[in-house]
Amino acid sequence: MIKHLFTLMWNRRKKNFLLFLEIFVSFLILFVVLSFATYNIRNYSQPLGFNINETWMVYQNVDPEVTDTLAWAKTKELLRQELLALPEVEAVSYMSFVTPYGNSNWATGNDDNGFELFTFMAFADEHYLEAAGLELLEGRWFTEDDLDAKYKSVVITKKLHETAFEGNPVVDSIYEFEETSKIIGIIDHYKYMGNFEEEEPMTFFYQPQDHIESNSINIRVAAGTPPAFEEEVNQLVAQITKKQNFRIEQFAVQQKMDNRQTWIPIIALLSICGFLVLNIALGLFGVVWFNVNKRRGEIGLRRTVGATKSSITRQFITEILLVALIGILAGLFFCIQFPILKIIDTETINYIYAMVISTLVILLIVLICTFYPSYQASLIAPAVALHEE
């Protein structure tokens with residue numbers, strides 16, 4: 001039976017070639033789009049690790065060249081106390097310019113420890129764990145005593161723990177980061193670059209609020225705090241700092257704006273793929289329907305010599321499936337080169353998901369679009385078909 005089907009396909013190779021080419025090209029396009037979508041959706045599904053809905057950030061522009069550091073430190077402490085006095089505010093923390101959705105990052109790397117250590121860095125005070133809602137897995141967070149510690153105190157993320165230290169115990173151990181540092185704790189996730197970005201290995205360094213570069217204020221407000229409260233915070237910051245060169249951002253708003261930049265191309269590309277799939281479906285339906293009408297004599301003859309209705313249906317479906325499988329296999333040959341050659345630096349699993357989903361989509365379309373015409377072919381009466389011939 002299989003040999004017979006391949007003989008039929010070879011005899012109709014010119015007509016099947018266009019169908020093969022359509023499936024081959026469509027598979028490649030589906031693979032590329034689904035690889036992009038899979039990469040981003042898998043990133044989106046990973047937790048951020050910090051509070052979004054009740055977090056506001058005050059970004060202050062302060063020139064360290066002209067600022068009286070002692071006076072500015074007293075101003076920052078006064079501002080923190082006044083903010084905490086507001087009933088809507090639950091926690092306040094100072095950190096440097098590397099903040100969630102702040103579009104800033106700082107990284108370092110070395111092999112001074114006998115292995116490659118690469119990490120992104122953030123600088124925060126002793127209140128940031130509470131203000132950001134971070135989950136501490138091991139050890140502890142910073143305290144004021146860390147300022148006078150022998151070694152620089154750092155807290156790393158689970159991502160860095162797994163990638164650089166291979167999950168080995170590291171709390172209370174000494175390693176070389178930018179300087180000799182002591183790891184005092186490990187937190188869970190921290191995807192500060194956004195939902196659709198990969199989580200990077202991260203290290204927090206202790207930086208007290210009186211540090212000249214600690215000018216970003218992380219404020220955690222109570223659930224249900226109205227947006228109008230922002231005006232009250234704005235007036236308080238301006239009154240205490242005597243400055244207007246600051247802005248207040250809500251993480252929930254920043255998150256929506258940031259996510260929109262990725263959702264729009266994903267939806268656009270998937271819509272194009274949907275249109276492509278529709279065209280494949282119409283093309284397959286037309287090809288099978290045309291084949292049925294052109295081969296009525298063959299169908300009538302097969303029915304006369306004893307072929308059942310189900311065997312006629314299976315024949316037409318199997319013929320198209322074989323053409324589709326050849327097109328898919330040809331497409332898989334090229335798709336496999338992406339992870340092998342590392343054309344795009346992403347996890348291999350994203351390519352695997354894209355190949356599997358693309359294969360299933362093409363096969364499902366083939367089955368749906370060939371079943372009805374094939375079933376109609378099985379209903380052709382032998383006498384009528386032979387009489388027409």
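Which residues make a nonpolar surface patch of about 430 Å²? In this predicted model, the patch is formed by Phe17, Leu18, Leu21, Val25 and Ile29. One of these residues, Phe17, is located in helix α2, which covers residues 13–45. Phe17 has a relative accessible area of 45% and is therefore classed as partly exposed, since that class lies between the limits of 20% for buried and 50% for exposed residues.

Helix α2 also takes part in the largest pocket, whose volume is about 410 Å³. The lining of this pocket comprises 16 residues, and those nearest its centre are Asn43, Lys159, Glu198, Glu199 and Glu347. Two or more lining residues are contributed by each of the elements α2 and α5, the latter spanning 158–164. When the lining of the largest pocket is divided by class, ten residues are charged, five are polar and one is nonpolar.

The second largest pocket has a volume of about 240 Å³. Its lining likewise consists of 16 residues, with Gln60, Ser96, Phe97, Asn215 and Ser216 lying nearest the centre. By class, the lining of the second largest pocket holds eight polar, six nonpolar and two charged residues.

Attention now turns to charged pairs. Side chains of opposite charge can pair when their charged atoms come close. The count of salt bridges in the model is five. Among them is the bridge between the side chains of Arg42 and Glu347, with a distance of 3.2 Å from N to O. Arg42 belongs to helix α2, whereas Glu347 lies in the loop between α10 (337–341) and α11 (348–378), so this pair ties together parts that are 305 residues apart in sequence. Arg42 is partly exposed, with a relative accessibility of 27%, and Glu347 is also partly exposed, at 44%. Glu347 was named above as one of the residues nearest the centre of the largest pocket.

A further salt bridge joins Asp188 to Lys158, the closest N and O atoms being 3.2 Å apart. This pair links distant parts of the chain, 30 residues apart: Asp188 is in the loop between β8 (180–187) and β9 (202–206), and Lys158 is in helix α5. Asp188 has a relative accessible area of 13% and is therefore buried, the limit for that class being under 20%. Lys158, in contrast, is partly exposed, with a relative accessibility of 27%.

Arg247 and Glu249 form another salt bridge through their side chains, at 3.3 Å from N to O. Arg247 is partly exposed, at 41% relative accessibility, and Glu249 falls in the partly exposed class with 24%.

The backbone also shows features of note. Most residues other than glycine have a negative phi. Tyr101, although not a glycine, has a positive phi of about 60°. Asn103 is likewise not a glycine and has a positive phi of about 60°. Tyr101 is placed in the loop between β2 (89–95) and β3 (107–110), and Asn103 is found in the loop between β2 and β3 as well. Is each of these residues buried or exposed? Tyr101 counts as buried because its relative accessibility is 8%, whereas Asn103 counts as exposed because its value is 75%.

Key: Residues numbered from 1 in each chain as written. Predicted model: local features only at pLDDT ≥ 70, side-chain atom pairs only at ≥ 80, totals over all residues. Heavy atoms only, no water. Patch = residues over 30% accessible without salt bridge, like charges linked within 9 Å, V, L, I, M, F, W, Y side chains within 5 Å. Areas by Shrake-Rupley, 256 points an atom, 1.4 Å probe, with all protein chains shown as cover. Salt bridge = Lys/Arg side-chain N within 4 Å of Asp/Glu carboxyl O. Helix = DSSP H or I, 4+ residues; strand = E, 2+ residues; numbered from the N terminus. Buried < 20%, exposed > 50% of the residue type's maximum accessible area, 1.4 Å probe, protein only. 1 Å grid on protein atoms, 1.4 Å probe; cavity = no way out; pocket = protein on both sides within 12 Å on 5 of 7 lines; lining within 4 Å. Points joined across faces, edges and corners; volume = space filled by probe spheres on them. Nonpolar A, V, L, I, M, F, W, Y, C, P; charged D, E, K, R; others polar.
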